[in-house]
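Me: I have a model open here and want to go through its fold and its ligand site. Can you take short questions as they come?

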Amino acid sequence: GKILVTGANGYIAVWIVKSLLEAGFAVRGTVRSESKATYLRSYFKSFGDKFEVVVVSDITKEDMFAEWVKDVDAIAHTASPFHLNSVEPDEMIVPAVQGTLSVLKAAEAHGQNVKRIVVLSSTAAVQLPGEKPGVFDESAWNEASVAEVKEKGRDASPSAKYCASKTLAERAAWDWWLERKDKVPFDLTVLNPPFVFGPNIHDVKKPEEMGTSMLMWYNYVVKGAASNETLANDGATFVDVRDIAEAHTRAFKTPAAGGQRFIICAGSYKYQEFVSAAHRWSNKLPAGNTSYDPSKAVYMISHDNRKGVETLGMKYHTIDETTRDSLEDFKARGWL
Ligand code: NDP
């Protein structure tokens, strides 16, 4: 089968494309401009005509997908703004929500063969850490960020704007599909990863060009940019980029994944645990907070990942593995 991947040049998306190609699928990736296609064509050239890239300059325009959904069997929608520099909420929310809806609508109108659409959401749409430690599963929805943005508008935090965009986009996808599921030939699967860390295979030439999650990881782990206090107390849940990619391939291969939402998460962490893992890998890297005791750590948020393990057969990289492979990647790029 052939799968359309939107935002194919992104940090996570290039790993998704790789996983799909290696599993035997043909892939058509979309990017926003021709300049972003060149790297991908060269990176995946060994797959010959099983990989192609097309330009969709504005994902909020359903018509722009019309031609590209015609002959595909499934779609992975990953294109969505992920940064913490937004001013107007709509900068984040409009492309997230309208982008998702235009993929669904284009599939309905022109995608005769589309059987499944997998939307890459986030645990930002599930739940953020609160005042007390909590464990959350797929039944939770992050209403708090939506409320914050509704109340404060452009004065809401950039993080709330991003989280609201993910909640509203995922909700829009479910509302749209649930209303039409008996009429459209495709079903919907949503994957909700937390912070995604791990090596880069997309087009990055310097650390500042990395995605939001990995740049933060690099600043904390390699650059020693966080205080001891932050390293011991800050953290959330994480997943290795290769595991969220694998989850996409499994979502396309698993009939029972249809109509389901899956948290794709390895576990909870404090940043010091990555710093310690990096320091074990090379004692030239910062030791960080040497008084941190993982056995006494209180994780403010945990995600129940059982559904993904049971239905998709997910297995997860550990903190040590993700750290080692990220550092090997940085080393190969001359960044250490
Ligand atoms: P990247 O920034 O590397 O990739 C984002 C992709 O979305 C790029 O292809 C980018 O295109 C595209 N995009 C961004 N804004 C727009 C827009 N306004 N219109 C069209 N396309 C746009 O980020 P990630 O790979 O980290 O993120 C990919 C997805 O995964 C996002 O949906 C994000 O919310 C989600 N996610 C990421 C997590 C993480 O920790 N990294 C955690 C949980 C979810 P271009 O290069 O042209 O800007």
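Me: What is the strand order in the open sheet of three strands?
Reply: The order is S8-S9-S11, with mixed pairing. Strands are DSSP runs of E with at least two residues, helices are runs of H or I with at least four, and both are numbered from the N terminus. Two strands pair if DSSP finds at least two bridges between them. This is a predicted model, where local features need pLDDT of at least 70, side-chain atom pairs count only at pLDDT 80 or more, and totals for chains, interfaces and linings use all residues. Residues are numbered from 1 along each chain as its sequence is written.

Me: Why do S8 and S11 each have one side without a neighbour in the sheet?
Reply: S8 and S11 (267-268) stand at the edges with a single partner strand each, so one side of each is left without a neighbour.

Me: In which sense do S8 and S9 pair?
Reply: Parallel, over three bridges, with S9 spanning residues 237-240. Phe197 has Asp240 of S9 as its bridge partner.

Me: Which helix lies across S8 and S9?
Reply: H9, residues 241-253, which runs at about 70 degrees to S9. Axes are lines fitted to C-alpha atoms, for helices over the stretch in contact, and angles run from 0 to 180 degrees between N-to-C directions. Contact between two residues requires C-beta atoms, placed from the backbone, within 7 Å.

Me: Now the open sheet of seven strands. What is its order?
Reply: S3-S2-S1-S4-S5-S7-S10, with parallel pairing. S3 (51-55) and S10 (260-263) are the edge strands, each pairing on one side only. On average, neighbouring strands here are turned by 20 degrees against each other, direction ignored. H9 packs on this sheet too, touching S1 (2-6), S4, S5, S7 (187-192) and S10, and its direction makes about 160 degrees with that of S7.

Me: How many bridges join S4 to S5?
Reply: Four, between S4 (residues 74-77) and S5 (residues 116-120), which run parallel. Opposite His77 stands Val119 in S5.

Me: Different topic: at what angle do H7 and H10 pack?
Reply: About 65 degrees, with the axes 9 Å apart; H7 is residues 212-221 and H10 is residues 271-281. H7 contributes Trp217, Tyr220 and Val221 to the contact, and H10 contributes Tyr271, Phe274, Val275 and Ala278. By class that is seven nonpolar, no polar and no charged residues. Ala, Val, Leu, Ile, Met, Phe, Trp, Tyr, Cys and Pro count as nonpolar, Asp, Glu, Lys and Arg as charged, and the others, Gly among them, as polar.

Me: And the ligand: how many residues surround it?
Reply: 24, the closest being Gly7, Gly10, Ser80, Pro95 and Ser213. A residue counts as near if its C-beta atom, placed from the backbone, lies within 6 Å. The shell divides into twelve nonpolar, nine polar and three charged residues.

Me: Which helix gives the most to that shell?
Reply: H1, with three residues. H1 (11-22), H4 (89-110) and S8 (195-197) each supply at least two.
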